[in-house]
Each structure stands twice: as structure tokens, then as C-alpha cells.
Amino acid sequence: MGSLRSAYATVTGWAYSPPGQARDAADAAAPAVVPAAIPAQAAASAPAAAPEEDPAAVGRAAAAVPAASLPPAASVDLRGTAARCTLRYPTGDRVVVSGLPGSGKSTLIRRVLGLQDAVRRVDSQDVRERWAAALPRWLPYAVYRPLARVAHYAGLRRALSSGASVVVHDCGSQAWVRNWLGRDALRRGRALHLVLLDVPPATALRGQAERGRTVSGYAFMRHRKAVRRLIANAEAGRLPRGCESVVLLDRRAAGALVGMAFE
């Protein structure tokens with residue numbers, strides 16, 4: 001128990017800071033460009049992507065393509081494209097990155113944000129990694145998971161109160177988190193945006209295996225239902241409650257994304 005208390009004191013204050021960004025700085029070297037918002041019809045006219053394409057390879061290939069300058073829109077579908085662009089949002093807005101566990105949300109967030117002191121990155125994986133580093137290796141995550149979750153949400157609350165721009169990792173199944181973010185954004189005169197990763201379940205499961213962290217079959221089924229509902233609503237032009245915009249990405253589009261900026 002003493003180890004748990006010590007770990008909590010160690011990691012709680014860091015939950016909302018830009019953790020791990022130093023190790024990701026090299027991936028953020030691409031120059032910032034103009035925002036990603038493209039009419040769904042234009043995205044549909046682009047050649048379809050192979051669903052299992054390596055996003056890192058796509059990103060390297062896209063680096064040779066001039067960055068696109070695209071006007072903002074409420075609903076943006078970049079699936080099936082390799083549009084090299086940056087998602088731009090007003091300073092102080094909140095962005096939720098959703099998708100199946102293992103779809104690459106944490107990797108995408110770390111890569112496109114890079115070192116941005118004015119942006120708070122809130123990712124439960126960052127908190128979990130800090131707990132794991134602070135506790136004995138033999139201690140199962142299930143033992144300290146409740147405290148790690150408390151630390152994560154405490155950090156999210158502090159991030160929202162800071163007035164900074166906030167990017168939040170979300171698996172899509174917890175609507176109450178998006179509702180909380182939407183209410184907070186409205187109260188503070190900000191806006192909430194959704195970035196949604198559309199990745200085949202088999203690819204997400206492989207991503208879980210590669211990172212060495214899997215979720216139960218029941219939990220994965222819940223995530224699949226929630227993400228399918230979010231994607232269907234986005235395709236129909238129905239934004240989640242409280243959201244001002246939504247961007248749909250597949251692995252190809254996510255790999256080609258240059259960055260995320262607030263200005």
C-alpha cells in the first residue's frame with residue numbers, strides 16, 4: 001500500500017502535462033501547414049487505401065507531397081486519402097481522439113503534437129506508464145488500475161481548468177467523458193472537436209498485441225459498438241452532442257497527417 005501511495009503522489013500531478021513528448025520530438029519535425037478540413041465528396045473521389053497499410057510508411061511517402069491548404073468544415077472525411085495536412089483549431093479548444101483500443105490513438109497524438117508547451121495532452125496510457133515505472137514490476141496493473149484512472153481524470157480536470165488547449169485520448173465507449181468535455185467547453189466559451197480513427201478490428205487487435213496490452217473480449221465488443229455508432233453518425237453528418245466538428249481518419253490518412261496546431 002505504501003508503494004501505491006508513493007506512486008500516486010509521484011504521478012498524479014503529471015497527468016495533464018505533455019508527458020513523453022521529449023521522446024516523440026523527432027517524430028514531430030514536419031513543418032506545420034494549413035488545417036485539415038475537406039468535403040467528404042472530395043475525399044471519396046481519392047483512391048481507396050489498403051486497410052492494412054503501415055501508417056509510418058505512408059507518412060514517409062507523404063512527406064514528399066506538398067502540404068494541402070484546406071478550408072475548415074464541420075464534418076471532414078479523409079479516409080482513403082493521404083492528404084498531407086495539419087489539423088488547426090482555435091487556441092483553448094478541446095480535441096478528443098477516439099477509436100478502438102490498439103488503433104493508434106496514443107501514437108498519433110504523440111506524433112502530431114510534438115513539443116507544444118501550450119497544449120495539454122491527456123492520455124491514460126501516459127499515466128499507466130508512470131504508475132508502472134513507480135511500482136514493482138511484479139504488481140499487476142489490475143491492482144492499481146482504479147487509482148491510475150482517478151489520477152487520469154484528476155489530471156484531465158486540471159488540464160481543463162488551466163485554460164490551455166487540451167487533446168484527450170478516448171476509446172469511444174465512454175460518452176460521459178465527451179459530455180463532460182462538451183459542457184466544460186461550452187461553459188468556458190470554447191469548442192469541442194472529435195478526431196475519429198476508423199481502423200478494422202483485426203488491425204486494432206494486432207496493435208494491442210504489438211504493444212503488449214490487450215483488453216477483454218467483452219470490453220473490446222463494447223468499444224466496437226461505440227466506435228461503429230460514432231462513425232455512422234459522422235458519416236451521416238450527425239455530430240456527437242457538444243461537438244463542433246469531426247474528422248474521420250483511417251490508417252493511411254492518420255499516417256500522412258502532419259500535425260495538430262492551436263492558434
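A salt bridge is a side-chain nitrogen of Lys or Arg within 4 Å of a carboxyl oxygen of Asp or Glu. The exercises below apply to a predicted model.

**Exercise 1.** Determine what kind of contact joins the side chains of R121 and D126, and state whether each residue is buried or exposed.

*Solution.* Step 1: the N to O distance between R121 and D126 is 3.2 Å, and their side chains meet in a salt bridge. Step 2: buried means under 20% relative accessible area. Step 3: R121 has a relative accessibility of 0% and therefore counts as buried. Step 4: D126, with a relative accessible area of 2%, is buried.

**Exercise 2.** Establish which parts of the chain the salt bridge between R94 and D184 ties together.

*Solution.* Step 1: the closest N and O atoms of R94 and D184 are 3.0 Å apart, and the residues form a salt bridge. Step 2: R94 belongs to strand β3 (residues 94-98) and D184 to helix α8, so the pair ties together parts 90 residues apart in sequence. Step 3: R94 counts as buried, at 1% relative accessibility; D184 is also buried, with a relative accessible area of 6%.

**Exercise 3.** Identify the network of salt bridges that includes D77 and R79.

*Solution.* Step 1: D77 and R79 meet through their side chains in a salt bridge of 2.7 Å, N to O. Step 2: both D77 and R79 are buried. Step 3: salt bridges link D77, R79, D198 and E235 in a network. The structure holds 11 salt bridges in total.

**Exercise 4.** Classify the ring pairs Y141 with Y144 and Y153 with W176.

*Solution.* Step 1: planes under 30 degrees apart count as stacked, over 60 as edge-to-face and the rest as tilted. Step 2: the ring centres of Y141 and Y144 are 5.2 Å apart and the planes stand at 85°, so this pair is edge-to-face. Step 3: Y141 and Y144 both lie in helix α7 (residues 141-161), 3 residues apart, about one turn of the helix, and both are buried. Step 4: Y153 and W176 form a tilted pair, at 5.1 Å centre to centre with 55° between the planes. Step 5: Y153 lies in helix α7 and W176 in helix α8 (residues 175-187), so the pair ties together parts 23 residues apart in sequence. Step 6: Y153 counts as buried at 18% relative accessibility, whereas W176 counts as partly exposed at 45%. Step 7: ring pairs also link W131, Y141 and Y144 into a cluster.

Key. Residues numbered from 1 in each chain as written. Predicted model: local features only at pLDDT ≥ 70, side-chain atom pairs only at ≥ 80, totals over all residues. Heavy atoms only, no water. Phe/Tyr/Trp six-rings, centres within 6.5 Å; stacked < 30°, edge-to-face > 60°. Helix = DSSP H or I, 4+ residues; strand = E, 2+ residues; numbered from the N terminus. Buried < 20%, exposed > 50% of the residue type's maximum accessible area, 1.4 Å probe, protein only.
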